[in-house]
Structures are given as structure tokens and as C-alpha cells.
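Student: I've got this one open in the viewer and I'd like to talk it through with you. Mind if I fire off some questions?

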Amino acid sequence: MGLSGARARSWVAVTKVAQRRHLVDRTGESPSPEPATRRAALYVHWPYCQKRCSYCNFNKYIARGGPEEEALRSCLVTEARTLLRLSGVRRIESVFFGGGTPSLASPHTVAAVLEAVAQAAYLPADSEVTLEANPTSAPGPRLAAFGAAGVNRLSIGLQSLDDTELQLLGRTHSASDALQTLAEARRLFPGRVSVDLMLGLPAQKAGPWLRQLQELLCHCDDHLSLYQLSLERGTSLFTQAQQGILPAPDPELAAEMYQEGRTVLREAGFRQYEVSNFARNGALSTHNWTYWQCGQYLGIGPGAHGRFVPQGVEDHPREARIQTLEPDHWMKEVKLFGHGTRKRVPLSKLELLEECVALGLRTDVGITHQHWQQFEPQLTLWDVFGASTEVKDLLEQGLLLLDHRGLRCSWEGLAVLDSLLLTLLLRLQEVWQQRTPVPGGWSAVPVSQDKARQT
Ligand SMILES: C[S@@+](CC[C@H](N)C(=O)[O-])C[C@H]1O[C@@H](n2cnc3c(N)ncnc32)[C@H](O)[C@@H]1O
Ligand code: SF4
């Protein structure tokens, strides 16, 4: 099928942008390894969806008549430049377009953001660039256009292979659309496709769900995320469960399904490298790995979060940055100030260590001694956790491991991480308070001051 004039032009433009990005990468300069504060991952939030799913409370909007994409694109580009400047980050290791439904965005938008990044920082040609994609009935051309724009990994929100469940979830696609999208994605992005499958839906039974998982394994080879439904206040599913229209999900059944699911995946050769994430053939998501290893990341777009050390301030702590939620307000702020940061929160040392524990233990590697030392050079993992009776109990039960490699969950422990974290975080706080009598607290920098200083 021929492309119309406008579409043909846009296709060529997108491809050129992607080529320019690679040219930037091929300047021949072999980038010197940057210090950790000058490296980061980049998250880009696309805030729009076609329709609200019944379970979702993410920061997403339905734009009547479609979003103002040109303005949004220009704001994303501006904010990327500003945050790269404010952070002093010189190397972007990975980019993740999440949402909302970023597969509804134009590939131009993706290409424009990547080009802005590649102009302001070093973006290696092989860096992971992921796009979250919702299944559609004719996925091929759009997915190919995203590939031409610089995307090299897809995360597909498949959710279920049962049409009745998909309707309950308020999805706009069928199981057959999902499989078709998956097939196209694998053809276009071999070895770099992930699928999201939900579990623990109202009235869902373990047997049929496991059969869905088995069927999915015939169609996906690399990466899979299992998400247990969390019933979120304010969603239609929450209201229906509250009013008794739908049975509330049974947490014990969901835990059983998760346990059986991870066993099936293990037998199929998948490594459970994180609580919800499974990869074969080394196809881990390097972007998400950065989050779990407490690496730096910049977040652009409405409601995006970031974590980085601002540049130019001696011994400044890492900050949590939160961008303004609502797209129109965010755009106004970006136009005025160059960024739409609503809140900057300096992280105390204790808060940073708490994140390091809570996120690091989500992975199968856990927290290595070397990793811990980067954040806390004085107290070792043994000092903090080795002497605690409560932690020793968890070690003896075989839920946790503390050895020459570091601290991590066992296979059994990973499934009950939340219950272990309470003990570990209390222990960390106890040791910290003994060491520093004034506990660190969150202190937000007022936004007006933030904007005025353009930081
Ligand atoms: C926010 S969505 C964005 C991706 C894309 N818009 C989609 O729906 O496929 C990312 C993933 O989070 C998961 N998710 C969203 N809300 C959830 C909830 N309440 N409980 C469990 N998983 C959820 C879904 O599996 C979804 O694929
Ligand atoms: S699950 Fe995805 S498509 Fe559905 S409302 Fe949330 S972000 Fe949008």
C-alpha cells in the first residue's frame, strides 16, 4: 500500500532524525566513562490514552479531539534539554517512553526527544530505547515507524489472553490483537520485546490463568512482566468491587497464582531478575535495572519522577524531582521556566539507603557489598544487618542471604519481599539513629524559589 504524500514525508523525516542520532553516535569519540553523577537513564511520560482502563490510576488523560502534539513535543524537548543542563548529566544510558499510551504519540515526537538528548549528551547507539505499546488490530506500520524513530525495545501491555477479562479491564484490544501485535513486535524488534500479563483479577481462577501463561510462552521468547492487580481507589474496578458488583480479588489466590506462574517461568528457562520481571537469553531491561540499582534518572513529561544530583552545588545531595501532573499546566510551566518541576526534595542519606534496600532487594542480585559501599562507605552490610536478631531469623528461615556477595532474597524470599522489608528498614533506621542522633527528614524546596532560580 502506497503512503500518502504527508505520511510519506513524515516517514522520511523520522528516518532522517534516527540516522542523525546514529551519526552523533559515530563521531568517533569514544566517550570516557562518566562518574555516576554524570550518567543517568531518561524516562519520558506520554500522558494520553484512548480510553481509561477500569483498573488504572496512572497519570493519564483522554484528550478530546486529540492532544496538542506539536506543543507537547516541543515542551518535552525543552524539558529534556533543561534537565540535562541542570543535572550536568553527560551520558544517557537508556530511554523509556512510558505512559499513558506512548504508542499513540507520533514517531516524530519520539525522534525529536532522542535527537535533543543526543545533541545535549552522549547517547550510545546501542542504548536501550523502550516504548510502551498497547496492542492494536493493525500494529505493523506504526511499530516500524517507531523503530525508524530510534526505538529498539517494546513493552506490550497485553494484560490477558481472555477477551472477557480484557473487557472487564476496559481494554480497547482483543486477545487476537494482542497476539498479532506481539508477532509484529518480535519480527521488528527480535530479542527485545516484553509483555505485561496481569493476575489476580476478580473471579479469575488459577488453572485458566496458567493456561494463558503457557499459551503466551509459545508466542514470547524474551521478557515477561507479571503484575498482580492492585485495586486502586478512584478506579471503576475499585468502585464495582466496593459495591459488590464484582467479587473483590482474593489476595491468597493471587499469591498462589504468582507462585505457580514464577515456577512455570523458571522451568521454561526464564530468570526472575526482579519481583515482577522475568527474562530469558539475557534480555533484562537495563533501564529498569537502573531504578532498582538506585542509579540516577531524569524524568520528563507530566507527572514524571527523577532522581539526580544537581550540578554546580558542592556536596549537594541527590534530589527527588516530581514534574507537574496535569499536561496543560505542565506545558505552561515548561514554556515559562524551561521545565515543569513541581517539587524538588533533597534526599537525606538515610532516605537514600532506604531506597537502596527497598529497590535493590527487588532484584535477584540484591545489594552487593560494592554497591552498598558507593552509598555508605563507613557501615558495611554486615554492620547494619548482620548483628540484628530479627534479620538473623530471616536468614535462618532461608528467606534472606547475607554472604560474601552481599544481601539478597532467596527464591522463597523474593515472593514475600514486602514482609521482609519492614524488618530490614526498621533495622536500618535503628542503626542510623544510634549513629546520627538527628534523623534525616524530607524537606521540600518551595516551587516559587525553585522556578526563580531556574534550578
Ligand atoms: C501504566 S501501564 C502503561 C502501558 C500501557 N498504557 C498499557 O496499558 O499497556 C503499565 C503496566 O502497568 C500495569 N498496571 C497498571 N495499573 C495496574 C494495576 N492497578 N494493577 C496491576 N498492574 C497495573 C499494566 O499491566 C500495564 O501494562
Ligand atoms: S493501563 Fe495503560 S492504556 Fe489503560 S488507562 Fe492505564 S495507561 Fe492508559
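Student: Which residues does UniProt give for the feature "domain: Radical SAM core"?

Tutor: Keep in mind that this is a predicted model. The label comes from an unreviewed UniProt entry. Over that stretch the chain is 42% helix and 18% strand, with its end C-alpha atoms 30 Å apart. The entry puts the feature at residues 34-271.

Student: And how many helices and strands are there in the protein?

Tutor: For context, the protein has 455 residues, and buried ones make up 41% of them. Among contacts between residues at least 6 apart in sequence, 73% join residues at least 24 apart. The count you want is 18 helices and 15 strands.

Student: On to the ligands: which residues come nearest to ligand 1?

Tutor: Strands β4 (153-159) and β5 (193-199) each supply at least two residues of the shell around ligand 1. By class, that shell has six nonpolar, six polar and three charged residues. Of the 15 residues around ligand 1, the nearest are E132, G157, D196, Y227 and S230.

Student: What is the make-up by class of the shell around ligand 2?

Tutor: Look at who is there: C49, R52, C53, C56, F58, K60, G99, G100, T101, N134 and G157. Cys counts as nonpolar here and Gly as polar. Sorted that way, the shell has four nonpolar, five polar and two charged residues.

Student: M198 caught my eye; is M198 buried or exposed?

Tutor: M198 is in strand β5. Leaving aside neighbours within four places in sequence, M198 is in contact with Q159, S160, Y227 and L229. M198 has 20 other C-beta atoms within 10 Å, and the cut-off is 20 or more, so M198 counts as buried.

Student: How many Å apart are M198 and L229, C-alpha to C-alpha?

Tutor: L229 is among the contacts of M198. In sequence the two are 31 residues apart. In space, C-alpha to C-alpha, M198 and L229 are separated by 6.3 Å.

Student: Which residues have the most contacts inside the largest nonpolar core?

Tutor: That core has 79 residues. A second, separate core of 21 residues includes L353, V357, V391 and L399. Back in the largest one, the residues with the most contacts are L42, V44, V110, V113 and V117.

Student: Take V117 then: which residues does V117 touch?

Tutor: V117 belongs to that group with the most contacts inside the core. Residues up to four places away in sequence are left out of the list. What remains is L42, A80, I92, V95 and L123.

Student: Which residue follows α4, and has a positive phi?

Tutor: Helix α4 covers residues 140-149, and its buried residues are L143, A145, F146, G147, A148 and A149. Just after the helix, phi is positive, near 120°. The residue there is G150.

Student: What is the bridge partner of Q272 in β8?

Tutor: β7 and β8 form a hairpin with two residues between them. Three bridges join β7 (residues 271-274) to β8 (residues 277-279), and the strands run antiparallel. Within that pairing, Q272 is matched with F278.

Student: Last one: why do β13 and β14 each have one side without a neighbour in the sheet?

Tutor: The open sheet has three strands in the order β13-β15-β14, paired antiparallel. β13 (367-368) and β14 (400-402) stand at the edges, so each has a single partner strand. For β13, the pairing with β15 (residues 406-409) runs over two bridges, and I367 stands opposite L407. The reason, then, is that both strands are at the edges, each with a single partner strand.

How values were computed:
Residues numbered from 1 in each chain as written. Chains lettered and ligands numbered in written order. Predicted model: local features only at pLDDT ≥ 70, side-chain atom pairs only at ≥ 80, totals over all residues. Pairing = 2+ DSSP bridges. Helix = DSSP H or I, 4+ residues; strand = E, 2+ residues; numbered from the N terminus. Near = placed C-beta within 6 Å. UniProt positions renumbered as here; feature names shortened; annotations may be inferred. Buried ≥ 20, exposed ≤ 12 C-beta atoms within 10 Å, placed from the backbone. Core = buried A, V, L, I, M, F, W, Y, C linked by C-beta atoms within 7 Å. Contact = placed C-beta atoms within 7 Å.
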